[in-house]
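Visitor: Before I trust any label attached to this protein, I would like to hear the grounds for it.
Guide: Then let us look at the structure together and set labels against their definitions.

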Amino acid sequence: MAITEREAQHLERTRALPGERVPDVIEFRGVSKRYDSGDTGLEQATFSIKRGEFVFLVGQTGSGKSTIMRLLIKELDPTAGIIRVAGRDLRDINSRKVPYYRRNLGVVFQDFKLLPNRTVHDNVAYALQVTGGGRKDIRAKVPDILRLTGLSTKLHNFPDQLSGGEQQRVSVARAFVNHPPLLLADEPTGNLDPETSIGIMQLLYRINRTGTTVVVATHDDQMVDRMRRRVIELSGGRVVRDEHQGRYAGRGDETTAEFGALMRGEPAPAPRRLTEPGDLFDDAFQDES
Ligand SMILES: Nc1ncnc2c1ncn2[C@@H]1O[C@H](COP(=O)(O)OP(=O)(O)OP(=O)(O)O)[C@@H](O)[C@H]1O
Ligand SMILES: [Mg+2]
């Protein structure tokens, strides 16, 4: 599938300049989270994720995957340790700045979280409106993203007139309409059948290919093992496995069709050239206040 002009522009803008040192998109250093109830969400977690990576977070129920996601969107604060996103310590983002910070994140949930009384088009447009996008912005971006996600014919449907897979496509469209540099998906295929799940994963992979860093939490470790991507495994809040894509050097630039083949466990074709996508955190986030 060829990328659109808008995606190409996004990739161009996110590419690092030669010699430019760019911070990791995500850095967790000795991060622990103890809930008020006394439960441990995360225990001394240390890992970092580079720009442009596609990373799976795996682990049994209660292992800490959602805790990581919620810490990243600053819905929670850690009890100990340091979290940096694009080099910025999340402790330095005060509550007034949190909405600006979140503009840099696309978030996809297992249960879609769509607005039930808005159409597909309006669910996606709403994501632009809340970040200050005007009508012109909406006219320019919404049709594009609905095409990318294969929803052009469902524009006027309400969420309850869509299949589960289609609803998840809408939530991916909504998460990506601002072309955020970081996309987080917490069990995005948890409610979907295997073939529909592959479609959603292909969509996330396609987004990754435009330069956006993608982190996907999932239970489906069999599928993950086939994907030859970086896998961070959690158990009891601890990182117990972190397999870097270095092990699979040369991979990471499959077409979406090749990516789908991997997911199905079909033989994967030979690797091609790797691209070096970059970062795109907006001014509001970079500005210190
Ligand atoms: N709001 C909360 N209050 C108290 N404990 C919590 C809360 N949220 C999570 N926990 C606990 O923190 C631990 C990690 O939970 P988390 O939701 O991060 O796991 P998970 O890996 O996402 O699990 P699942 O695969 O079921 O989604 C669990 O022991 C859980 O009970
Ligand atoms: Mg969870």
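What follows is a conversation about the labels used for this model.

Guide: This is a predicted model, in which local features need pLDDT of at least 70 and side-chain atom pairs count only at pLDDT 80 or more, while totals for chains, interfaces and linings use all residues. Residues are numbered from 1 along each chain as its sequence is written, and chains are lettered from A and ligands numbered from 1 in the order in which they are written.

Visitor: What makes β8 mostly covered?
Guide: A residue is buried if 20 or more other C-beta atoms, placed from the backbone, lie within 10 Å of its own, exposed if 12 or fewer, and partly exposed in between. In β8, a strand (a DSSP run of E of at least two residues, numbered from the N terminus), 6 of its 6 residues are buried. Thr213, Val215 and Ala217 point one way, Val214, Val216 and Thr218 point the other way, and all are buried.

Visitor: How do you know that β3 and β8 pair?
Guide: Two strands pair if DSSP finds at least two bridges between them. β3 and β8 have 5 bridges in the parallel sense, so the definition is met. One of the bridge partners in β8 is Thr218, which is matched with Val58. β7 and β8 also pair in the parallel sense, over 5 bridges, and the partner of Leu184 in β8 is Val215.

Visitor: Why is the span of α7 called close to the expected one?
Guide: The expected span of a helix (a DSSP run of H or I, at least four residues) is 1.5 Å times one less than its number of residues. For the 16 residues of α7 the expected value is 22 Å, and the helix reaches 22 Å from its first C-alpha to its last. What covers its buried residues includes β3, α6, β7, β8 and α9.

Visitor: What makes Leu204 a member that touches many others in the largest nonpolar core?
Guide: A nonpolar core is a set of buried Ala, Val, Leu, Ile, Met, Phe, Trp, Tyr and Cys residues joined through C-beta atoms within 7 Å. The largest has 66 residues, and Leu204 is among the five that touch the most other members. Helix α7 gives the most to this core, with 7 residues. Not counting residues up to four places away in sequence, Leu204 touches Val172, Ala185, Val214 and Val216, contact being C-beta atoms within 7 Å.

Terms used: Two residues are in contact if their C-beta atoms, placed from the backbone, lie within 7 Å.
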